[in-house]
Amino acid sequence: MIRNLCFSTAALLLALLASCNKDDVITDGGAKPVITLDNPEGIYPVKVGKSVTIAPTVGNAEGAVYAWILDDEPAGSGPTFTFEAREAGVYFLIFRVETPNGKAEEELRIEVNRLQPPVISFPVGDDKVMEVEIGRETTIAPTIANGDGATFVWTLDGETVGNDATYTFTPDKLDDYELTLNAENEDGKAEPETITVRVVERFTVSAVFPAPSLRFGQEGARNVSLGRPLYLRPVLEHFHNPTFEWTVKDRPEKGDKEVFAFTPDAKGEYTVVVKVTDDDGQTATATVAVTCCDDEMSHKRTGGTNPFPDKVYEYTPAPGQFINEGGFSNITTPEKAAEYAQGLLEQNTQGKNYYVSLGAWGGYIVVGFDHSIENKGGYNGYDFSIAGNQFAQSSEPGIVWVMQDTNGNGLPDDEWYELKGSEYGKPETLTSYAMTYYRPKDDNTGIQWKDNRGNAGTVERNSNHRQGYYPQWIDMENYKLYGTRLAANTTRHPITGDYYNNPYDWGYADNAGSDQAAGEVSDGDQRKNYFRISNAVNADGSAANLKYIDFIKVQTGISQNSGPLGEVSTEVLAFEDENL
């Protein structure tokens with residue numbers, strides 16, 4: 001009894017101490033403290049070299065004692081806390097409040113981001129020379145990373161000439177000019193970039209109908225099935241505001257657009273000529289010999305049962321960090337390169353993960369099957385699949401093209417049709433695009449390129465890959481690739497600085513889009529993307545309405561250097577007919 005009485009007395013005393021007396025009325029203890037962060041998400045970003053002050057609101061704070069714990073160490077004892085950001089990283093902070101009535105605490109996160117001053121890159125080669133035409137207005141538009149909110153200063157031969165992100169120049173004399181761009185944002189100044197602007201009389205204009213590939217078909221030759229329209233579009237260079245005149249067998253046609261739909265009325269040979277005229281009178285002509293073959297169904301192949309390609313017809317990569325490596329290191333002919341690529345694809349059907357890299361923009365691989373793949377959507381509406389090694393934050397989209405064996409000779413020397421994807425038709429997607437790669441004098445240097453839009457650049461070297469990047473089985477001193485170019489889709493993490501090659505929505509190989517196979521796979525292992533033949537389009541974007549295909553080409557769709565990751569380069573590991 002005595003022990004219980006003592007306990008009850010002690011409890012009563014504690015209750016009285018915890019109560020308050022207002023107007024001689026005894027009440028219960030006050031409420032516990034309540035913390036309301038000044039950032040509801042509890043995340044506080046700050047740049048290196050800056051500071052951030054965290055000032056929560058604390059309710060019921062009478063008699064409060066405050067504590068701040070940073071990464072498990074005491075860091076402060078007041079109602080606010082100021083963090084000095086010295087190194088990039090993520091820091092975890094606990095704010096604890098104790099009163100006689102209880103305690104409360106909140107965990108929050110401080111993200112210290114690296115300073116990201118602007119980075120300027122002009123579309124020029126290693127010689128830092130850009131050519132422009134005399135008397136013609138030219139807008140010079142460098143790539144400026146971290147350019148949002150930046151200020152700009154352009155100087156021409158030391159004189160300030162502009163304050164925009166681009167500079168418009170209309171030269172009136174033949175000369176070399178020194179053009180410099182300075183840029184600055186809240187994080188700091190960019191390294192100034194200077195180029196030489198060389199004024200020339202006039203670029204040489206050109207128009208061409210390219211061959212289907214580097215190995216198959218001929219420039220200026222096309223095949224078409226009887227009854228099918230052939231959509232012709234020349235690849236142009238150095239035209240500004242072109243107009244078009246088309247003739248067939250020396251007879252003028254009504255078509256005056258860049259794309260001309262020609263439907264032969266009988267089997268045989270036809271000569272189609274386009275004359276392209278610029279606004280200053282410069283002209284170029286391109287001729288294409290069109291062979292009208294049997295009707296579309298004449299050469300459809302049936303009976304084959306192998307869902308995988310039976311042959312790699314061509315492996316023509318662009319330069320890149322994975323070219324000439326591994327089993328390709330001793331290969332010196334296009335035929336051997338294709339054979340070795342075929343061997344890798346065959347092993348991948350048995351569970352291996354041997355990727356075939358297509359290099360920088362435009363590099364491609366062409367495969368064929370022992371049968372025609374029908375347009376019937378055998379797997380969830382898809383006709384075939386292509387496996388890449390994409391994963392979260394690492395997509396390198398490849399554009400897919402398909403071809404029928406129109407002339408029936410068993411070779412991919414007919415008409416390629418692009419499969420439209422999510423980026424097709426957007427202003428930033430460049431069609432009728434071409435890029436020329438140049439063999440370097442030394443394997444220890446990057447690979448220079450120029451495109452048909454007046455731009456130039458370099459496929460940069462990667463310290464992890466020290467071999468030559470120019471395909472050693474291509475014996476030409478330079479080679480030109482044609483196709484469609486997608487806009488770069490690479491970002492950098494604001495804290496770590498890591499590069500992320502992001503996916504596009506759908507329609508591309510080696511791309512973590514909505515059309516990739518479901519399920520979990522390890523990063524870098526093969527994963528399918530699925531494709532529909534019904535997405536094949538003509539050169540003007542209209543539906544091609546192909547009943548079947550015989551050949552598939554995958555081509556790297558992006559031109560982008562991603563720092564230590566190297567160039568964006570599509571990788572393929574397998575192809576499969578999903579109708580079987």
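Which strand gives the largest share of the lining of the largest cavity? I opened my notebook with that one, and I kept in mind throughout that this is a predicted model.

**Entry 1: the cavity**

The answer is strand E23 (residues 221-226), which supplies 3 residues. I then asked how many cavities of 30 Å³ or more there are, and the search came to 1. The space inside the largest cavity is about 50 Å³. I wrote down its lining: Asn-223, Val-224, Ser-225, Arg-228, Pro-229, Leu-230, Gln-404, Thr-406, Glu-415, Tyr-417 and Leu-546. Sorted by character, these lining residues are 5 nonpolar, 4 polar and 2 charged.

**Entry 2: following E23 into its sheet**

I stayed with E23 and looked up its neighbours. It belongs to an open sheet of 5 strands, ordered E23-E30-E29-E26-E27, with mixed pairing. E23 and E27 are the edge strands; each has a single partner, so one side of each has no neighbour in the sheet. As a reminder to myself, strands of a sheet pair through backbone hydrogen bonds, either parallel or antiparallel. E23 and strand E30 (residues 283-295) run parallel and are joined by 6 bridges. I picked out one contact here: Leu-226 has Asp-295 in E30 as its bridge partner.

**Entry 3: two cysteines**

Next I checked for disulfides, and the whole structure has 0. Why is Cys-292 not bonded to Cys-293? Their sulfurs are 6.7 Å apart, and although Cys-293 holds the closest cysteine sulfur to that of Cys-292, this is too far for a bond. For the cut-off, I needed sulfur atoms within 2.5 Å. Seen from the other side, Cys-293 is in no disulfide either, with the sulfur of Cys-292 as its nearest. I also looked at exposure: Cys-292 is buried at a relative accessible area of 3%, and Cys-293 counts as buried too, at 10%.

**Entry 4: two positive phi values**

I went looking for unusual backbone angles. Most residues other than glycine have a negative phi. His-238 is not a glycine, yet its phi is positive, at about 70°. I found His-238 in the loop between strand E25 (235-237) and strand E26 (243-248). Is His-238 buried or partly exposed? With 22% relative accessibility, His-238 counts as partly exposed.

Lys-249 also has a positive phi without being a glycine, and the value is near 50°. The loop that holds Lys-249 runs between E26 and strand E27 (251-252). Lys-249 is partly exposed, with a relative accessible area of 41%.

**Entry 5: the second largest pocket**

I turned to the pockets and took the second largest, which holds about 820 Å³ of space. Its lining counts 38 residues, and those nearest its centre are Pro-210, Arg-222, Val-235, Trp-401 and Tyr-482. Which elements give two or more residues to this lining? They are strand E24 (230-232), strand E36 (416-419), strand E37 (430-438), strand E40 (478-485) and strand E45 (548-556). E40 makes the largest contribution, with 6 residues. The lining of this pocket is 20 nonpolar, 9 polar and 9 charged residues.

**Entry 6: a three-stranded sheet**

I also looked up the open sheet of 3 strands ordered E43-E34-E47, where the pairing is antiparallel. Strand E43 (527-531) and strand E47 (574-577) are at the edges with a single partner strand each, so each has one side without a neighbour in the sheet. On average, neighbouring strands of this sheet are turned by 25° against each other, direction ignored. Strand E34 (residues 384-388) pairs with E43 over 5 bridges in the antiparallel sense. Within E43, Lys-528 is the residue standing opposite Ala-387.

**Entry 7: two faces of a strand**

My last stop was strand E9 (residues 81-84), for its side chains. In a regular strand the side chains alternate between the two faces of the sheet. Which residues of strand E9 are buried? Phe-81 and Phe-83 are, and they point to one face; Thr-82 and Glu-84 point to the other and are not buried. Strand E5 (residues 51-54) runs antiparallel to E9, and 4 bridges join the two. I noted one bridge from that pair: Val-52 is matched with Phe-83 in E9.

Definitions and conventions. Residues are numbered from 1 along each chain as its sequence is written. This is a predicted model: local features need pLDDT of at least 70, side-chain atom pairs count only at pLDDT 80 or more; totals for chains, interfaces and linings use all residues. Side-chain values use heavy atoms; hydrogens and water are left out. Buried means under 20% relative accessible area, exposed over 50%, partly exposed in between (1.4 Å probe, protein chains only). On a 1 Å grid over the protein atoms alone, a cavity is a set of points where a 1.4 Å probe fits but cannot get out, and a pocket is an open set with protein on both sides within 12 Å along at least five of seven lines; lining residues have an atom within 4 Å of a point. Grid points are joined across faces, edges and corners, and a volume is the space filled by probe spheres set on the points. Ala, Val, Leu, Ile, Met, Phe, Trp, Tyr, Cys and Pro count as nonpolar, Asp, Glu, Lys and Arg as charged, and the others, Gly among them, as polar. Two strands pair if DSSP finds at least two bridges between them. Axes are lines fitted to C-alpha atoms, for helices over the stretch in contact, and angles run from 0 to 180 degrees between N-to-C directions.
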